[in-house]
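Welcome! Here are a few short exercises, each with a worked solution to follow at your own pace. Keep the sequence and the structure in view as you go.

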Amino acid sequence: MFSSCRTCGTVFELRRVGESLSVIGGMGFTLQERQVLGIHGLLPPCYRDQDKQMQLIRLNIDKYQEPINKYTYLMGLLERNEKLFFRFLSENVEDMMPIVYTPTVGLACQNYGLILRNPRGLFITIHDKGNVLEILNNWPENEVKAIVVTDGERILGLGDLGAYGMGIPVGKLALFTVLAKVDPRQCLPITLDVGTNNQQLLDDPFYIGLRQRRVTGREYDEFIDEFMQACVKRFGRNCLIQFEDFGNHNAFRLLDKYRNEYCTFNDDIQGTAAVCVAGVLASLRATKTRLSDHLIVFQGAGEASLGIAELCVKAMKTEGTSDADARSKIWLVDSKGLIVKNRPEGGISEHKAKFAHNRAPIKTLTEVVKTLKPSILIGAAAIGGAFTTEILQTMAANNKQPVIFALSNPTSKAECTAEAAYTHTNGTCIFASGSPFPPFTHNGKTHYPGQGNNAYIFPGLALGVISAGIRHVDEDLFLLSAKVRLYCIKSYRIDLSSSKLAEPLLILRTLYPKTCWSLADIVTEKDLDMGSLYPPLKTIQDCSLKIAVKIVEAAYKTGIASVLPEPDDIEAYIKSLLYDYHYSPAIPKVYEWPTKL
Ligand SMILES: NC(=O)c1ccc[n+]([C@@H]2O[C@H](COP(=O)([O-])OP(=O)(O)OC[C@H]3O[C@@H](n4cnc5c(N)ncnc54)[C@H](O)[C@@H]3O)[C@@H](O)[C@H]2O)c1
Ligand SMILES: O=C(O)C[C@H](O)C(=O)O
Ligand SMILES: [Mg+2]
């Protein structure tokens, strides 16, 4: 027997355990609720309100030393008591985000078969081809508004983790609720299991996915096509589909294929670009320069780097720099060395070719940094420690304030630690990283490294898309033309109410660049003084709301919102949709009639 109380959020679950009946997670039920629901006596007499339960969770979590054990405990809590889980995380973002998200989620994925208790989300395999809609129909919630989907091929910088990659959609969607208060019932994590090429997993007795090598080519493409169509049939055209941690060879292809037809975006390409460029824009305030004054070198030329590089081009163009000049300031290094025209080793895809310049090849990153003398160095190649002491010292020797981003996740893959960055640049660098690093004091000054992670973007973006019923996350950032430049680059503000912006807004058919400029706008002078290019994690919920407000405002102004009529007060409207993690009464309120019958 199984039933659950949705209104209360405390999982009121009556489950046959052998012959006995147990109530799970129910100490939050009042005496009256217990009597009316028929669960009186199934719980100890004590009543614990949510505040008390929060104290208990804190005591329990602090008992665990290892982050992975904290993760397992929290996932158990999510199963038992969703509202308590979300309240605990929402009120403890700074210390809990690194547990349910990067970096601990990486370790959790690597051990998913061992730590998984109650699977969450949908697993759809290649063998379900032809029946994908039926599987989506098995999902009990009808009001799904956001899906995060992976095929597990590039989980963080950890490579192919197959079905173990499910930890990522689960973690990302937890942040939809924690950071943007999207109702968890509107969120659906999905793993598309097409096999894995990871031999270790194929040999792992606890592996939870298909034990076969990855299906590719036409069969794979047909499967993804069927999945996209089935999502629309089941959840409607407005359902946002976020692609996450797909392998490079599929990520760009699928984005190009679906970006104009579906309400979709690729977080690793577009979300990352938005967050990183926001950080770079904020760094310009510290260095008092324009982006076009800089030379940027990327270690890695994949989803993250190319997404960021393209958005940097657009940002430079808004400063009046030509496309060709902007590209000439951006250089990428991949596994074969510097990307240059006619490189003997080849390996230059169509996307990389746009940044292939005419010069002699250079093999190593060290030589590239010494020769090209970049002022901004961005790492996204999942090569831990790639920013060596020598590279960091060279950056410091060539620049008063070098900008250094170590974006690779999890922490073990970071190009350098915050400590190394500040130490080897003698405290001069402006540093951000994909995984969190603690503050570091160098020569008496404490630096607070910002977390350059797409988590600053996707929750707010999703909230905006859902709130306005946007059908299409238009990727046409190229139309965010030079006309917006004065308002966003000079002052880092986009005042959407300004009549001066009427014209640019008419052509503003893009969402994610807007979010990146919005984010740069939120960074305060105090944050910058402390060395942080991003607002502190404890304000990230506020950032998400601000981003959502700007997206919804822009959506109504540009006619891409489908929720009509337009609300008078957009912020109040969005707030009215937000998830409330406090318990609501599990039984209707009883009231008396004024007269006796
Ligand atoms: N901070 C964030 O928000 C964020 C977002 C997306 C990705 N990432 C991280 O960035 C990393 C890369 O992700 P991706 O999606 O770009 O992956 P990807 O597979 O698309 O790209 C990896 C790139 O690294 C290059 N590379 C591999 N070995 C190299 C070497 N020895 N020297 C130089 N380049 C090398 C590859 O050629 C490729 O161009 C991952 O660790 C991921 O977790 C971080
Ligand atoms: O998941 C993250 O922490 C960021 C990013 O999406 C990644 O793939 O590394
Ligand atoms: Mg990712």
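**Exercise 1: The shell and the domains**

The shell around ligand 1 draws at least three residues from each of domain 1 (50-262) and domain 2 (270-454). Keep in mind that this is a predicted model.

Task: Find which residues come nearest to ligand 1, and which elements supply the shell.

Solution:
- Start with the shell itself: 29 residues lie around ligand 1, and G157, G302, E303, A381 and G434 come nearest.
- Next, look at the elements: α13 (267-287), α14 (303-317) and β9 (330-334) each give the shell at least two residues.
- Finally, sort the shell by class: 14 residues are polar, 10 are nonpolar and 5 are charged.

**Exercise 2: Where the domains meet**

Task: Work out how many residues each domain brings to the contact between domain 1 and domain 2.

Solution:
- First place the two domains: their C-alpha centres lie 29 Å apart.
- Then count each side of the contact: domain 1 brings 9 residues and domain 2 brings 13 residues.
- Now pick out the element that gives the most on the domain 1 side: helix α12 (residues 248-258), with 3 residues.
- Last, check the classes on that side of domain 1: 5 nonpolar, 4 polar and no charged residues.

**Exercise 3: A span from the record**

Task: Describe the span that UniProt lists as "domain: Malic enzyme N-terminal".

Solution:
- Begin with the record: the unreviewed UniProt entry lists residues 78-259 under this name.
- Then turn to the model: the end C-alpha atoms of residues 78-259 lie 33 Å apart.
- To finish, read off the make-up of the span: 47% helix and 11% strand.

Technical notes. Residues are numbered from 1 along each chain as its sequence is written. Chains are lettered from A and ligands numbered from 1 in the order in which they are written. This is a predicted model: local features need pLDDT of at least 70, side-chain atom pairs count only at pLDDT 80 or more; totals for chains, interfaces and linings use all residues. Domain bounds come from an automatic or database domain assignment. Two residues are in contact if their C-beta atoms, placed from the backbone, lie within 7 Å. Helices (H or I, at least four residues) and strands (E, at least two) are DSSP runs, numbered from the N terminus. Ala, Val, Leu, Ile, Met, Phe, Trp, Tyr, Cys and Pro count as nonpolar, Asp, Glu, Lys and Arg as charged, and the others, Gly among them, as polar. A residue is near a molecule or strand if its C-beta atom, placed from the backbone, lies within 6 Å of it. UniProt positions are given in the numbering used here, feature names are shortened, and annotations may be inferred rather than shown by experiment.
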